[in-house]
Amino acid sequence: MNCIDTHAHVFSTQDHSIETARYAPDYDATVQSFISHLDRHNFRHGILVQPSFLGTNNQAMLQAIQQYPDRLKGIAVVQHTTAFDELFQLKEQGIVGVRLNLFGLNLPALNTFEWQSFLGNLERLNWQVELHAPTKYLVQLLPQLSEYNFNVVIDHFGRVDPVKGIDDPDYQEFLSLVNVKQHWIKVSGFYRLGASPNNINIAQQAYNIFKEKGFLHKLVWGSDWPHTQHESLITYEDAIKALKQIVFDKHERCLILNQNPTKLFGFSRT
């Protein structure tokens, strides 16, 4: 099968973290290590996602993709004022979308001319927008992004609040807004929901809700390697084990690991 890990990061201690970084790792996460994980578990492709602590300097990710252009693609972080030509150059280097990682940041004003121009450029490029944000932000962003013709990919089940859980009013409102025509959900980062390898109840609940809402063909899996800020608790093997616990039906896992991400990211089906 053409299994795809849709969420991983590469970086090194030589990369300069931005001054406002909430966290900066003290170790290297090399592309060779990621590829080794893929090979060990029979994954053909991977998606690299720009980590927040590197800001808009996507060079580490671009260099990794350049080493394995047939196996890797990337999701970049850029300024919303970035010119179309520069975005197109990123596309030529294997970038297929942009990430809005809004934890610790203010809600962007998507109704301004600059943001509207930027989002229009993403449409022209046929890129996706990946959202990593608190649910109180998601409920404000999703209606505004519905005006555009691109895929919106929501990280880590929509980041259920680990204290408030599934019944959190913000999360319930988020669930009422998700639209299977535009939105994709990442079955990833279960440990960021207050769970652990031995306690994945919140992730299981969220998965079952999305399945009931008709999202089975819009779910993709990501290891979230190297599990930043949770490195001592989670391994790549733990992430795969958790997937099998959350999605115990083999046909559903096949969709999530193969058909769904192949469609979303445009990899070859062979």
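This is a short chat about the pocket, the cysteines and one helix of a predicted model.

Me: Hi! How much space lies in the largest pocket?
Reply: Hello! The largest pocket holds about 840 Å³ of space.

Me: Nice. Which residues lie nearest its centre?
Reply: Those are Ser52, Asn101, Leu102, Phe103 and Leu105, out of a lining of 34 residues.

Me: And which element gives the most to that lining?
Reply: Strand 4, spanning residues 95-101, gives the most, with three residues.

Me: What's the lining like by class?
Reply: There are 16 polar residues, 13 nonpolar ones and five charged ones around the largest pocket.

Me: Switching topic: how many disulfides does the count come to?
Reply: The count is zero.

Me: Why is there no bond for cysteine 3?
Reply: Because its closest cysteine sulfur, in cysteine 254, is 7.2 Å away, which is too far for a bond. A pair would have to be within 2.5 Å to count as a disulfide. From the other side, cysteine 254 has cysteine 3 as its closest partner, again at 7.2 Å.

Me: Got it. Is cysteine 3 buried or exposed?
Reply: Cysteine 3 is buried, with a relative accessible area of 8%.

Me: Last one, helix 5. Which of its residues are buried?
Reply: In helix 5 (residues 135-145), the buried ones are Thr135, Tyr137, Leu138, Val139, Leu141, Leu142 and Leu145.

Me: What covers them?
Reply: The cover over the buried residues of helix 5 includes two helices, helix 4 (113-125) and helix 6 (169-177). Strand 5 (128-132), strand 6 (152-154) and strand 7 (183-187) are also part of that cover.

Methods: Residues numbered from 1 in each chain as written. Predicted model: local features only at pLDDT ≥ 70, side-chain atom pairs only at ≥ 80, totals over all residues. Heavy atoms only, no water. 1 Å grid on protein atoms, 1.4 Å probe; cavity = no way out; pocket = protein on both sides within 12 Å on 5 of 7 lines; lining within 4 Å. Points joined across faces, edges and corners; volume = space filled by probe spheres on them. Helix = DSSP H or I, 4+ residues; strand = E, 2+ residues; numbered from the N terminus. Nonpolar A, V, L, I, M, F, W, Y, C, P; charged D, E, K, R; others polar. Buried < 20%, exposed > 50% of the residue type's maximum accessible area, 1.4 Å probe, protein only. Contact = heavy atoms within 4.5 Å.
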